[in-house]
Amino acid sequence: MLSVILSFKRLLKGLYHAVKEPQFISILTTVALIVLSGTLFYSKFEGWAKIDAFYFAVVSLIPTGVDTNLVPSTTGTKLFTVLYLIIGTGLMFALLVNLGRGMIKEDKVDKKTAVPQKKKRQS
């Protein structure tokens with residue numbers, strides 16, 4: 001549990017550094033709009049609950065292999081899903097890469113601000 005907390009803290013610090021980059025904000029906004037459009041589309045045309053549509057919209061863009069037990073059923077929603085995944089997966093990857101860069105910057109800042117310890121003299 002401690003490792004999860006420390007990883008979450010590191011993620012938040014990385015997010016703090018990434019948000020300072022205009023490119024990250026632009027990609028984050030675009031991904032948020034794509035997820036919103038997917039959520040609204042699936043809830044309207046598939047009749048899914050909004051939370052299920054949101055879950056599908058997010059999980060389908062992250063290459064994890066998680067089975068959502070949700071499948072588009074009509075030809076139109078299947079075609080939308082193909083386009084949604086082609087566009088959204090690339091943007092989600094770009095978002096994750098920029099977040100990773102922010103985490104690397106956070107690590108570099110931590111190393112620069114760390115106080116070096118004095119070496120003991122050997123007699």
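These legends go with several close-up views of a predicted model.

**View 1. The whole chain is built from helices, with 4 of them and 0 strands.**
Follow the sequence along and the pattern reads α-α-α-α. The chain has 123 residues, and 28% of them count as buried. Take the contacts between residues at least 6 apart in sequence, and 69% of these join residues at least 24 apart. The accessible surface adds up to about 9,100 Å², with 67% of that belonging to carbon and sulfur atoms.

**View 2. Here we look into the largest pocket, which has a volume of about 160 Å³.**
Its lining is made up of L11, L15, F24, L28, V58, I62, M92, L95, L96 and L99. Three elements each give two or more residues to this lining: α1 (2-18), α2 (22-45) and α4 (75-113). The top contributor is α4, which gives 4 residues. Sort the lining by class and you get 10 nonpolar residues, no polar ones and no charged ones.

**View 3. Helix α2 gets a close-up from end to end, all 24 residues of it.**
From first C-alpha to last, α2 reaches 34 Å, close to the 34 Å expected at 1.5 Å a residue. Quite a list of its residues is buried: F24, I27, V31, I34, V35, G38, T39, F41, Y42 and S43. F24 also turns up in the lining of the largest pocket. After the helix comes G47, and its phi is positive, near 75°.

**View 4. N98 sits in helix α4, and this view shows what it touches.**
Is N98 buried or exposed? Its relative accessibility is 10%, so N98 counts as buried, the cut-off for that label being under 20%. Leave aside the neighbours within four places in sequence, and N98 is in contact with A18, Q23, F24 and I27. Two of those partners, F24 and I27, are themselves among the buried residues of α2. F24 is a lining residue of the largest pocket too, as is L99.

**View 5. Two residues of helix α1, L12 and Y16, are shown with partners far along the sequence.**
L12 and M103 are 91 residues apart in sequence, yet their C-alpha atoms are 8.6 Å apart in space. For Y16 and G102 the sequence separation is 86 residues, and the C-alpha to C-alpha distance is 7.5 Å. Both M103 and G102 fall within the span of α4 (75-113). How do L12 and Y16 fare for accessibility? L12 has a relative accessible area of 43%, so it is classed as partly exposed. Y16 has 52%, so it is classed as exposed, since that label needs over 50%.

**View 6. The last close-up goes to N69, in the loop between α3 (50-59) and α4.**
What is the sign of phi at N69? It is positive, at about 60°, although N69 is not a glycine. With a relative accessible area of 65%, N69 is exposed. For a second positive phi, go back to G47, the residue after α2, where the value is near 75°.

Technical notes: Residues are numbered from 1 along each chain as its sequence is written. This is a predicted model: local features need pLDDT of at least 70, side-chain atom pairs count only at pLDDT 80 or more; totals for chains, interfaces and linings use all residues. Side-chain values use heavy atoms; hydrogens and water are left out. On a 1 Å grid over the protein atoms alone, a cavity is a set of points where a 1.4 Å probe fits but cannot get out, and a pocket is an open set with protein on both sides within 12 Å along at least five of seven lines; lining residues have an atom within 4 Å of a point. Grid points are joined across faces, edges and corners, and a volume is the space filled by probe spheres set on the points. Ala, Val, Leu, Ile, Met, Phe, Trp, Tyr, Cys and Pro count as nonpolar, Asp, Glu, Lys and Arg as charged, and the others, Gly among them, as polar. Buried means under 20% relative accessible area, exposed over 50%, partly exposed in between (1.4 Å probe, protein chains only). Contact means heavy atoms within 4.5 Å. Accessible areas come from the Shrake-Rupley method with a 1.4 Å probe; for residues, only the protein chains shown count as cover. The expected span of a helix is 1.5 Å times one less than its number of residues.
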